[in-house]
Amino acid sequence: MISPKHHSKLDNVGMTASVLCAIHCAIVPFLITSLPLLGLGFLSNPWFEWGMIIFALFVGSYAIGISYFRIHHKILPVSLLIMGFLVIIGGHLFITSWREAIVVPIGGLLIATAHFFNFRYTGKCKKEGPHFHFGHAHH
């Protein structure tokens, strides 16, 4: 069984990475011409962006998936995670111009919200234990 401390660290990494991704996706299109001058041209590289997406996908799938199956059995974090990735990937593949800088960060914030709820549900289940309680039922 994974410890609650391990789960909270994964969710903290996931929340932080998702918020940073949202900020990155919102700001980079406006700063694209000045990034190379600052030595930060790699931030606008598609490989870097897809690497961040894949990293967030692995962290999110692992942290939320394990918590869902082993601890809280709540679908909200899983749903938010899936919606977030669909919005990010759809935004990168099908939306252009300034609209991408609005849509893609929304996906990042959905993923951060998924980690937040996962963190809350996991902490609540660990604190209350496997016994009967009114907040939700363990299976």
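**A conversation about a four-helix chain**

Biologist: Is His 73 buried, exposed or partly exposed, and why does it count that way?

Modeller: His 73 counts as partly exposed because its relative accessible area is 23%, and buried means under 20%. Please keep in mind that this is a predicted model.

Biologist: Where is His 73 placed?

Modeller: His 73 sits in the loop between H2 and H3. Its phi is positive, at about 55 degrees, although His 73 is not a glycine.

Biologist: Which residue in the loop between H3 and H4 should I look at next?

Modeller: Ser 97 lies in that loop between H3 and H4. Ser 97 is not a glycine either, and its phi is positive, near 65 degrees. With 44% relative accessibility, Ser 97 is partly exposed.

Biologist: Let us step back. How many helices and strands does the chain have?

Modeller: The chain has four helices and zero strands. Read from the N terminus, the order of elements is α-α-α-α.

Biologist: What share of the residues is buried?

Modeller: Of the 139 residues in the chain, 37% count as buried. The accessible surface of the chain is about 8300 Å², and carbon and sulfur atoms hold 74% of that surface.

Biologist: What about contacts between residues that are 24 or more positions apart?

Modeller: Among contacts in the chain with a separation of 6 or more, 71% join residues 24 or more positions apart.

Biologist: Now to H3. What are its length and its reach?

Modeller: Helix H3 covers residues 75-94, which is 20 residues. From its first C-alpha to its last, H3 reaches 27 Å, close to the expected 28 Å.

Biologist: Which residues of H3 are buried?

Modeller: The buried residues of H3 include Leu 80, Leu 81, Gly 84, Phe 85 and Ile 88. Pro 77, Gly 90, Gly 91 and His 92 are buried as well.

Biologist: Why do residues three or four places apart in an α-helix point the same way?

Modeller: An α-helix has 3.6 residues a turn, so residues three or four places apart point the same way.

Biologist: Which side chain makes a polar contact with His 92?

Modeller: The side chain of Glu 100 does, at 2.9 Å. Glu 100 lies in helix H4 and is partly exposed, with 22% relative accessibility.

Biologist: What else does Glu 100 touch, leaving aside residues up to four places away in sequence?

Modeller: Besides His 92, Glu 100 touches Gly 91, Ile 95 and Pro 105. As for Ile 88, it stands twelve residues from Glu 100 in sequence, and their C-alpha atoms are 9.0 Å apart.

Biologist: And Ser 67, is it buried or exposed?

Modeller: Ser 67 is buried, because its relative accessible area is 0%, and the cut-off for buried is under 20%. Ser 67 lies in helix H2, residues 46-72. Its side chain makes a polar contact of 3.2 Å with the side chain of Asn 118.

Biologist: Let us finish on the surface. Which residues form the nonpolar patch?

Modeller: The patch consists of Val 19, Leu 20, Ile 23 and Leu 109. Together they have about 330 Å² of accessible area.

Biologist: Which helix gives the most to that patch?

Modeller: Helix H1, residues 4-31, gives the most, with three residues. Leu 109 belongs to helix H4, residues 100-128.

Biologist: Why does Leu 109 count as partly exposed?

Modeller: Leu 109 counts as partly exposed because its relative accessibility is 44%, and exposed would need over 50%.

Notes. Residues numbered from 1 in each chain as written. Predicted model: local features only at pLDDT ≥ 70, side-chain atom pairs only at ≥ 80, totals over all residues. Heavy atoms only, no water. Helix = DSSP H or I, 4+ residues; strand = E, 2+ residues; numbered from the N terminus. Expected span 1.5 Å × (residues − 1). Buried < 20%, exposed > 50% of the residue type's maximum accessible area, 1.4 Å probe, protein only. Contact = heavy atoms within 4.5 Å. Areas by Shrake-Rupley, 256 points an atom, 1.4 Å probe, with all protein chains shown as cover. Patch = residues over 30% accessible without salt bridge, like charges linked within 9 Å, V, L, I, M, F, W, Y side chains within 5 Å. Salt bridge = Lys/Arg side-chain N within 4 Å of Asp/Glu carboxyl O. Polar contact = N/O pair within 3.5 Å; in protein donor to acceptor, adjacent residues only side chain to side chain.
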